[in-house]
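Welcome, and thank you for taking a look at this one with me. Here are a few notes to read alongside the sequence and the model.

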Amino acid sequence: TTPPTTPPPTTPPPGGTRDAYGQIEAEAFSAQNGVIVEACAEGGQNIGALRNGDWVRYDNVEFGSTGPRDFVARVASGAGGGASGLVEVRVDSPTAAPIGSFAIGNTGGWQSWRSVPGNVGAVTGRHAVYLTFTSGQPNDFVNVNWFTFRR
């Protein structure tokens, strides 16, 4: 069966802001490029078929006056042949320099989920947060269920 490709509504988050330190559901993006939304084995939905050049944007993410120490994303990969890539965090533009990232390879399947931490630079205030996906090969390499920043 073909997974659904209809993105969720692009309404602003409740209260107009998203808490950077709360769990941000990956499928609750404000905009995207190259992403599908599918049923998640852990319940709800995840974003998938992520490959080099894809991105998702989350508007009005509030970091407050103290920046995060790191971030964690719930990811899965069934990428074969040693394929891997980077999950990168950027603010305000999908082409801005990454403020954080982690590398991901095969986790045992497209619904075999792991919580992977990544370092992140100092960021405060309210921003559009982008998750971007970078790889030296053209194949899908990761799915994302959720992410959060930690203090």
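**Notes for a first look**

1. Let's start with Tyr130, keeping in mind that this is a predicted model. Tyr130 has a relative accessibility of 7%, so this residue counts as buried, the cut-off being under 20%.

2. Which ring does Tyr130 pair with? The partner is Trp55, and the two form an edge-to-face aromatic pair, with 5.6 Å from centre to centre and 65 degrees between the planes. Trp55 belongs to strand β6 (residues 55-62) and Tyr130 to strand β11 (residues 126-134), so the pair ties together parts that are 75 residues apart in sequence.

3. A second pair worth finding is Phe147 with Phe149. Their ring centres are 6.1 Å apart and their planes stand at 85 degrees; because an angle over 60 degrees counts as edge-to-face, this pair is edge-to-face. Both Phe147 and Phe149 are buried. In total, the structure holds seven aromatic pairs.

4. Please also look at the wider aromatic group. Phe147 and Phe149 belong to one aromatic cluster together with Tyr21, Tyr58, Phe63, Phe71 and Phe102. Tyr21 has a charged companion as well: Arg151 lies over the face of this ring, at 3.8 Å from the ring centre.

5. Next, follow strand β6 and its partners. How many bridges join β6 to β11? There are six, and the two strands run antiparallel. Within this pairing, Trp55 has Thr132 of β11 as its bridge partner.

6. Strand β6 also pairs with β3 (residues 31-33), again antiparallel, through three bridges. Here Asn33 stands opposite Trp55. Trp55 is therefore a handy place to pause, since the ring of Trp55 ties β6 to β11 through its pairing with Tyr130.

7. In which sense do β1 and β6 pair, parallel or antiparallel? Strand β1 (residues 18-19) and β6 pair in the parallel sense, over two bridges. Asp19 has Glu62 in β6 as its bridge partner.

8. Now turn to strand β7 (residues 70-77), where Asp70 is placed. Asp70 is buried, with a relative accessible area of 9%. Its side chain makes a polar contact of 2.7 Å with the side chain of Arg150. Not counting residues up to four places away in sequence, Asp70 touches Pro117, Gly118, Val120, Phe149 and Arg150. One of these, Phe149, is the buried ring from point 3.

9. Ala76 lies in strand β7 too. Is Ala76 buried or exposed? With a relative accessible area of 0%, Ala76 is buried. Leaving aside neighbours within four places in sequence, Ala76 is in contact with Thr107, Gly109, Trp110, Gln111, Ser112, Trp113, Val142 and Asn143. For a sense of distance, the C-alpha atoms of Ala76 and Thr124 are 29 Å apart in space, and the two residues are 48 residues apart in sequence.

10. Finally, a word on the record. An unreviewed UniProt entry lists residues 22-150 as "domain: CBM6". In the model, this span is 0% helix and 57% strand, and its end C-alpha atoms lie 9 Å apart. Arg150, the polar partner of Asp70, is a good residue to find when you trace the span.

Definitions and conventions: Residues are numbered from 1 along each chain as its sequence is written. This is a predicted model: local features need pLDDT of at least 70, side-chain atom pairs count only at pLDDT 80 or more; totals for chains, interfaces and linings use all residues. Side-chain values use heavy atoms; hydrogens and water are left out. Rings of Phe, Tyr and Trp (its six-membered ring) pair if their centres lie within 6.5 Å; planes under 30 degrees apart count as stacked, over 60 as edge-to-face and the rest as tilted. Helices (H or I, at least four residues) and strands (E, at least two) are DSSP runs, numbered from the N terminus. Buried means under 20% relative accessible area, exposed over 50%, partly exposed in between (1.4 Å probe, protein chains only). A charge sits over a ring if NZ of Lys or CZ of Arg is within 6 Å of the ring centre and within 35 degrees of the ring normal. Two strands pair if DSSP finds at least two bridges between them. UniProt positions are given in the numbering used here, feature names are shortened, and annotations may be inferred rather than shown by experiment. A polar contact is a pair of N or O atoms within 3.5 Å; within protein, one must be able to donate a hydrogen and the other to accept it, and residues adjacent in sequence count only if both atoms are side-chain atoms. Contact means heavy atoms within 4.5 Å.
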